[in-house]
Amino acid sequence: MQLLMKIGRNDPCPCGSGKKYKKCCASRKEPLKVDLNKYYQQTYGIRLKSKEQIEGIRKAGQLVMETHQMVAEHLKPGITTDAVNELVHHHTLKNGGIPAPLNYRGFPKSVCVSPNEVICHGIPGDRVLMDGDIVNVDITTILDGYYADANYTYFIGTPSPEAKRLVAVTLESLRRGLAMVKPGNTTGDIGWAIQRYAEGEGYSVVREFVGHGVGLEFHEGPQILHFGKKGTGVPLVPGMTFTVEPMINLGKKDLYILEDQWTAVTRDGRLSAQFEQTIVVTEEGYESLTPFSLEGFVQAV
Ligand code: MF3
Ligand code: CO
Ligand code: CO
């Protein structure tokens, strides 16, 4: 695998020696042997995953998506967000997994459930989901020590045309971001594509929350911004595993956090939607480790 970036003289040497490039391989004539694993660890704090680790994350991802499917069947008007939590919690345990959110930095429940104006990190409680609501369910599961993280925005009953369009544009934003994922592109290209599309459709992109490396821990490097400039950030290489999870608002991008210290809501009280997948960068592009079945979803944007 060729290194697709310029190495600064003061950067750590890509050979993995731990010395500065200028003090190590910079003066060598023969082509440089790069230990990408060491280089990404030392330079960016990113752990590239082995085949076995990717397989482990894929298995966790399968359980995440089975859990989504089960939840989807229960999402009807009248269900409380706590009932969604119960479903996710028990289904995860029954299948040998651990719900990653539970007690994560003090988060009190097993899943994030974020209706309408809630952008993300909604804490399940006694809120009742009503006909016409949209709701994001964000499931992260630990299976055999591996993490996978995926969220989906669902319709409760019959959506309004404006909710339908927001959700469709948010899903397409994720697709456009993912379409940038291939070796040679950078993490910044993903955010650039998302911002350009979502803002072009008249919506706004939340800045305060980002996608993230995932797999051996809940949140690892790199950060994946959902906005920004082309060519910035970290060059993508095979074996990187991370999420892309754009949060798109119908109104303005501004938010505030409720007193519970978690729930992020739109400042203008208007709708927010989100989709998330865990992916692995491959030689050709990427592969989703939490593949969505998009059946039944609005295609028209
Ligand atoms: N699953 C969220 C994400 O996509 C993180 C939730 S943190 C929690 O990164 F503590 F609220 F669960
Ligand atoms: Co995530
Ligand atoms: Co998530």
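Here are some questions and answers about this predicted model, starting at its cobalt ions.

User: Which residues coordinate the cobalt ion (ligand 3), and at what distances?
Analyst: In sequence, the donor residues of the cobalt ion (ligand 3) follow the spacing D-x10-D-x126-E. Asp138 shows up twice through OD atoms, and the distances run from 2.1 to 2.3 Å. The full list is Asp138 (OD), Asp138 (OD), Asp149 (OD) and Glu276 (OE).

User: Why does the arrangement around the cobalt ion (ligand 3) get the label it gets, and what is that label?
Analyst: For six octahedral donors, the ideal angles are 90 or 180 degrees. The six donor atoms around the cobalt ion (ligand 3) subtend angles of 58 to 174 degrees. An octahedral call needs opposite donors over 155 degrees apart and all others between 65 and 115. Because of those 58 to 174 degree angles, the arrangement comes out as irregular.

User: What coordinates the cobalt ion (ligand 2)?
Analyst: Along the chain, the donors of this ion, ligand 2, have the spacing D-x62-H-x32-E-x30-E. Distances for the cobalt ion (ligand 2) span 2.0 to 2.2 Å, and the angles among its six donor atoms go from 51 to 163 degrees, an irregular site. The donors come from Asp149 (OD), His212 (NE2), Glu245 (OE) and Glu276 (OE).

User: Which residue bridges the cobalt ion (ligand 3) and the cobalt ion (ligand 2)?
Analyst: The two ions, ligand 2 and ligand 3, sit 3.2 Å apart. One residue coordinates both of them, and that bridge is Asp149.

User: Where in the chain are Asp138 and Asp149?
Analyst: Asp138 and Asp149 are both buried. They are eleven residues apart in sequence, and the pair links distant parts of the chain. Asp138 belongs to strand E4 (residues 134-143), and Asp149 to strand E5 (residues 146-155).

User: Is Glu245 buried or exposed?
Analyst: Glu245 is in the list of donors to the cobalt ion (ligand 2), along with Asp149. Like Asp149, Glu245 is buried.

User: Which residues does the UniProt annotation "binding site" cover, and why can they be said to gather at one spot?
Analyst: The annotation comes from an unreviewed UniProt entry and covers Asp149, His212, Glu245 and Glu276. They span 128 residues in sequence, yet no two of their C-alpha atoms are more than 10.6 Å apart, so they gather at one spot. The lining of the largest pocket also takes in Asp149, His212, Glu245 and Glu276.

User: Why does His212 count as buried?
Analyst: His212 lies in strand E7 (residues 211-213). Leaving out residues up to four places away in sequence, its contacts include Asp149, Phe242, Thr243, Glu245 and Glu276. The cut-off for buried is under 20% relative accessible area. His212 counts as buried because its relative accessibility is 6%.

User: Which strand does E9 join, and how many bridges are there?
Analyst: Strand E9 (residues 241-244) is covered on both faces, with Thr241 and Thr243 buried on one side and Phe242 and Val244 buried on the other. Thr243 stands opposite Thr278 in E14. E9 runs antiparallel to its partner, strand E14 (residues 277-281), and the number of bridges is four.

User: What is the strand order in the open sheet of three strands?
Analyst: Strand E6 (204-205) and E13 are the edges, each pairing on one side only. Two bridges join E6 to E10, and Val205 stands opposite Ile248 in E10. Pairing is antiparallel, and the order is E6-E10-E13.

User: Is Ala273 buried or exposed?
Analyst: Ala273 lies in strand E13 (residues 272-274). Among the residues it touches are Ile134, Thr153, Pro246 and Ile248. With a relative accessible area of 1%, Ala273 is buried.

User: How far apart in space are Asp126 and Thr81, C-alpha to C-alpha?
Analyst: Asp126 is in the loop between strand E3 (118-120) and E4, and its 70% relative accessibility makes it count as exposed. Leaving aside neighbours within four places in sequence, Asp126 is in contact with Thr80 and Thr81. Asp126 and Thr81 are 45 residues apart in sequence, and their C-alpha separation in space is 6.3 Å.

Notes. Residues numbered from 1 in each chain as written. Chains lettered and ligands numbered in written order. Predicted model: local features only at pLDDT ≥ 70, side-chain atom pairs only at ≥ 80, totals over all residues. Heavy atoms only, no water. Buried < 20%, exposed > 50% of the residue type's maximum accessible area, 1.4 Å probe, protein only. Pairing = 2+ DSSP bridges. Donors = N, O, S within 2.8 Å, 3.2 Å for Na, K, Ca; no water. Tetrahedral: all angles 85-135°; square planar, octahedral: opposite > 155°, others 65-115°. UniProt positions renumbered as here; feature names shortened; annotations may be inferred. 1 Å grid on protein atoms, 1.4 Å probe; cavity = no way out; pocket = protein on both sides within 12 Å on 5 of 7 lines; lining within 4 Å. Contact = heavy atoms within 4.5 Å.
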